[in-house]
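Hi,

Here is the structure I promised to send over. Have a look at it first, and then read on for what I found.

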Amino acid sequence: MGHTSLEKIIALQKNTSRIRNLCILAHVDHGKTTLADCLVATNGIISSRLAGKLRYLDSREDEQIRGITMKSSAITLHYTGTGENEYLINLIDSPGHVDFSSEVSTAVRLCDGAIVIVDAVEGVCPQTQVVLRQAWLENIRPVLVINKIDRLIVELKLTSQEAFTHLQKILEQVNAVTGSLFTSKVLEERAEKDTGAQSVTTENSAGDQVYDWSAGLEETDDSDLYFSPDRGNVVFASAIDGWGFRVHQFAEMYSQKMGIRSSVLLKTLWGDFYINTKAKRIMKGAQSKGKKPLFVQLVLDNIWSLYDAVVTRRDKDQVEKMMTSLGIKVMPRDLRHSDPKVLLGAICSQWLPVSEAVLSMVCEKLPSPAEMTSERAEKLMCVGLRRFESLHEKTQELKKAFLNCSADGTAPVIVFVSKMFAVDPKALPQNKQRPLTHEEIAQRRELARQRHAERQAANQSAESPGSIDAGGASIPAATSSVTDSLCAQTETRSVKAAVEDESREHFVAFARVFSGIVRKGQKVFVLGPKYDPSLALRTLPEDCSASDVLPAVPHMACCTVDRLYLLMGRELEELDEVPSGNVLGIGGMEEFILKSATISTSPACPPFTPLNFEATPIVRVAVEPKHPSEMPKLVRGMRLLNQADPCAEVLIQETGEHVLVTAGEVHLQRCLDDLRERFAKIEITASEPIIPFRETVVRPPKVDMVNEELGKQQKVAVIHQVKEDSTKYSECIQVDSTGLVTLTTPNKMATVGVRAIPLPEEVTHLLEENMELIRTMEQFSVFAREGKTLDINQKILENIQDLKVKLESHLQGHKWRGAVERIWAFGPRRCGPNILLNNVEGYQRPSMWQCLEKERAEMAMFRDFDNSIISGFQLATLAGPMCEEPLMGVCFSVETWDMKFSTPLAQHVSFDKDSVTEPTTVNQSGSSELKDARGMDVSTSNQSRSRAEAAESSMDCYGPFSGQLIAAVKETCRYAFQAKPQRLMAAMYTCEIMATAEVLGRVYAVLSKREGRVLHEEMKEGTDMFIIKAVLPVAESFGFAEEIRKRTSGLASPQLVFSHWEVISSDPSWVPTTEEEYLHFGEKADSSNQALKYMNAVRRRKGLYVEEKIVEHGEKQRTLSKNK
Ligand SMILES: Nc1nc2c(ncn2[C@@H]2O[C@H](COP(=O)(O)OP(=O)(O)OP(=O)(O)O)[C@@H](O)[C@H]2O)c(=O)[nH]1
Ligand SMILES: [Mg+2]
């Protein structure tokens, strides 16, 4: 606990305006945990000598070994600012490594502000941009710390003047990122206003409302947004040496010395100003006049000379002189220490303590929980596409609770749990051995004495010993049978009881109270992310509470708050109640919450918007226990892991494999370690990472493999080959030379003709990016079919419109005329990057884009079995013919769809079974024919019933018709796909590698060995570092970071971020066809084909047939012409 008592913290928790919830965000290794150490040391939790070395918040062993943070953890600190103002600071340290960026999201959600750290040497890095964006998206206010300034002095050996220019550049870079975020937001808002105004004018036909069109970028005040030293939201620091300052500290210091007003100094210290000593005036234009800027002269020069004296020259006299002028005294042992950094630390921590600079900035510049903006409150309350105004009235009322952040007992309790973390049961306060206070020791002594006396009395009266009163507050009940009077033994027993409980994994919910007071033992509602308050309010009685007996409501559970904890880094302290505005831990929720949830006493509370995770889980491995009998343990362990990690996914594949999906290699390693040592506690083996691929078709290549143009002749040969292949197909399939595949269902009732067309790359990208929008459209269509309407937010409608326009602009040309309007479905899973196109003559179905239409078009109707076609397409796109991986960037155009039968009876048979595969198949809008069929069915005579049976039995051998149609469509799509040149697509990472010139060559070597491609390379200004941006296939990335680190002796360490899918240019099924190719590759063409290798590896893993010749000829193999 350090030197602040629990009572003090509890008292501070009640004063909402003095609470600051903040997280530390930065790129990996920029010094977050080191800075956190310095702040933690101010509370005496760790010694200030160890601050920066201990990395106290990296409590896991692997975090300490690897030197990176892997989870976010919170600690509560007490700070006394100027004027005896006391603050409570809930500090959350977050990881910077991309693999753990989901942990950043969980941290940011609970905070009101963030300290963004930037390394003074590396400057703005990819993750810095990401975290700034995350802070922005969550509407939390950032402050900046430029850290590691010592490196500019010691490593880069910059002069103070050079350092100033360098720091200015960094600040510009950071502000540029914020600026771009801001601009995009303003533009978005303006667009929103525009449409708002339009609707106003259309509604208000008199036109007396005047709308100010000029509102825009120029007018919006953005000055508060940027980081600027004179505004006090920037700290310059070296966390490791323990110093840091804001310019106003120097302004005050010099205003006395030089007799210049501190406000003037503050404005001019950071900028192009210099001091004219003769005139004693501050002048502008230091740079043009070749003068030393104020910041260099008054600030940096002091620091530079201190480093020079202490670290570089080790000039004792000089040091002593400086210390006396600063009025600092250090301990003699620090003065004598052989490591100059110790002395430096001792001086700096008194002169410019970093903790003071950072904490005072945080308290001044970051908002308290009570200052929640209305924008943020609405954002938190509106899940996805809902409009705030469309929420239930009672739900809307809760906005007040958010804004007030009131901690009085009557306010509804609203708590958000952003993650669940596993805690070692030994670390739980209830299981911990507390050092006893003096009174307690005395009390125990007294008790023991009493017991001793009792026993003696009992012995004397020759009676059996009576039971002992264990009701004393400090003696747990488990010791009731102890007859020995020694306290120590009592203690060990209680510990034992706790150990028995250890087999259960304890989870603590990482949460924050947004309104009300949570109390131990309180009954609350736990609301899942899909909970819908308006639905629940309809079913629940008015003014009900969680303690009532209530009917079951989906995604809602009632539970009792078991335990409340104060999060203190590695430790937890138990609390009885936590008022609004605080970060806390809640115990006993593991049964009710999987990863995140909203807790409230009001059923009107909406679930919070889901956290937005930046990382895409992409690396998957199959795990199994070393001893098969331990399977149940593994299953349990995986379940716990799933709960404990915000980003890891655990699934069971159809093959029965247990698969773990993680964000990257480091994350994977951590998950496996957790499984082994914590959750499953068994030995496990993990497969090689399962690498995802996508399958696609491309346009026929114009050149062959040796870059010779393909003539007509060869093209004809290829077509012949397709024809030859088609003889392999069963009789009901026809493939024509243009790739149109026609297939008839086994019962000969329906024929479909499908052609596969590659989608332009931009379209695929667009579809991928807008998955959510497509899902919304899909949902809208489903609702529309059921006759319901879905209220979609205006902004989302605009985005859909925008998507449509973009699609239209990319799908140009003869082939795509009117294609966007004729989109039938997207797939797989109805929202993927493939398109099903309706090119059936005379079939006008309701458009995909009907949510954009003001009134519904009456003309268009669904044909029967429309849904079977969609289902077939979904299946076909989910697993392609090459290696059963999902398709991407393929358009299936349905060109013919003939149904031979129209007798109502046959339809009746199929109608009934149609709904087996797709519950939404039944359409109400169009199938009047179908209704007739049913109507007739009711009144049919026996005769027609027997006809129906006959019809049914005649089709029985092929199964229900809709099923046949689904299978037929799927097969047609597959054949159509195969009729085109097929390619695999590989997942690609991007990485930014920073390396010095000496190791550049080696970095390139590793990259090219792993089929990476350098996108660009530039020199980082002011340093000797190069920044290389490259892309690398995920399939080749395992061990990449490690290899780079080794080859460059740890100088470069890349971070891999999933970026996109890329077509592998080589054809896996390629065989030489042209003369040149024969000449070049030999007739066997057995040189390595990367795509084929990948494809076969996937097929082998999935247990599919792999076409491979092991030995081609019995006799000694010929030496073929040299391959490339
Ligand atoms: N020279 C110098 N090194 C520093 C400074 N602050 C931190 N470091 C070093 O930078 C390395 C990374 O520091 P951490 O505090 O672990 O960085 P982090 O941002 O928490 O890293 P992650 O949590 O993994 O993202 C450590 O070796 C620190 O000693 C500083 O001010 N100057
Ligand atoms: Mg860290």
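Thr-33 is buried, with a relative accessible area of 6%. Bear in mind that this is a predicted model. Thr-69 is buried too, and its relative accessible area is 6%. For both residues, the label "buried" applies because the cut-off is under 20% relative accessible area.

Why bring up these two threonines? They are the protein donors of the magnesium ion (ligand 2), each through its OG1 atom, at 1.8 to 1.9 Å from the ion. They also link distant parts of the chain: Thr-33 belongs to helix 2 (residues 32-41), while Thr-69 sits in the loop between helix 3 (61-66) and strand 2 (73-80), and 36 residues separate the pair.

Now for something much further along the chain. Six strands make an open sheet with mixed pairing, and the order is 25-26-27-30-29-28. Strand 25 (733-735) and strand 28 (823-827) are at the edges; each has a single partner strand, so one side of each has no neighbour in the sheet. On average, neighbouring strands here are turned by 20° against each other, ignoring direction.

Within that sheet, strand 26 (residues 740-744) pairs with strand 27 (residues 750-758) in the antiparallel sense, over five bridges. If you want a spot to zoom in on, Leu-743 stands opposite Val-752 in strand 27.

Finally, the helix: helix 26 (residues 866-878) lies across strands 27, 28, 29 (834-838) and 30 (890-899), and runs at about 35° to strand 28.

Cheers

Conventions:
Residues numbered from 1 in each chain as written. Chains lettered and ligands numbered in written order. Predicted model: local features only at pLDDT ≥ 70, side-chain atom pairs only at ≥ 80, totals over all residues. Heavy atoms only, no water. Donors = N, O, S within 2.8 Å, 3.2 Å for Na, K, Ca; no water. Helix = DSSP H or I, 4+ residues; strand = E, 2+ residues; numbered from the N terminus. Buried < 20%, exposed > 50% of the residue type's maximum accessible area, 1.4 Å probe, protein only. Pairing = 2+ DSSP bridges. Axes fitted to C-alpha atoms, helices over the stretch in contact; angles between N-to-C directions. Contact = heavy atoms within 4.5 Å.
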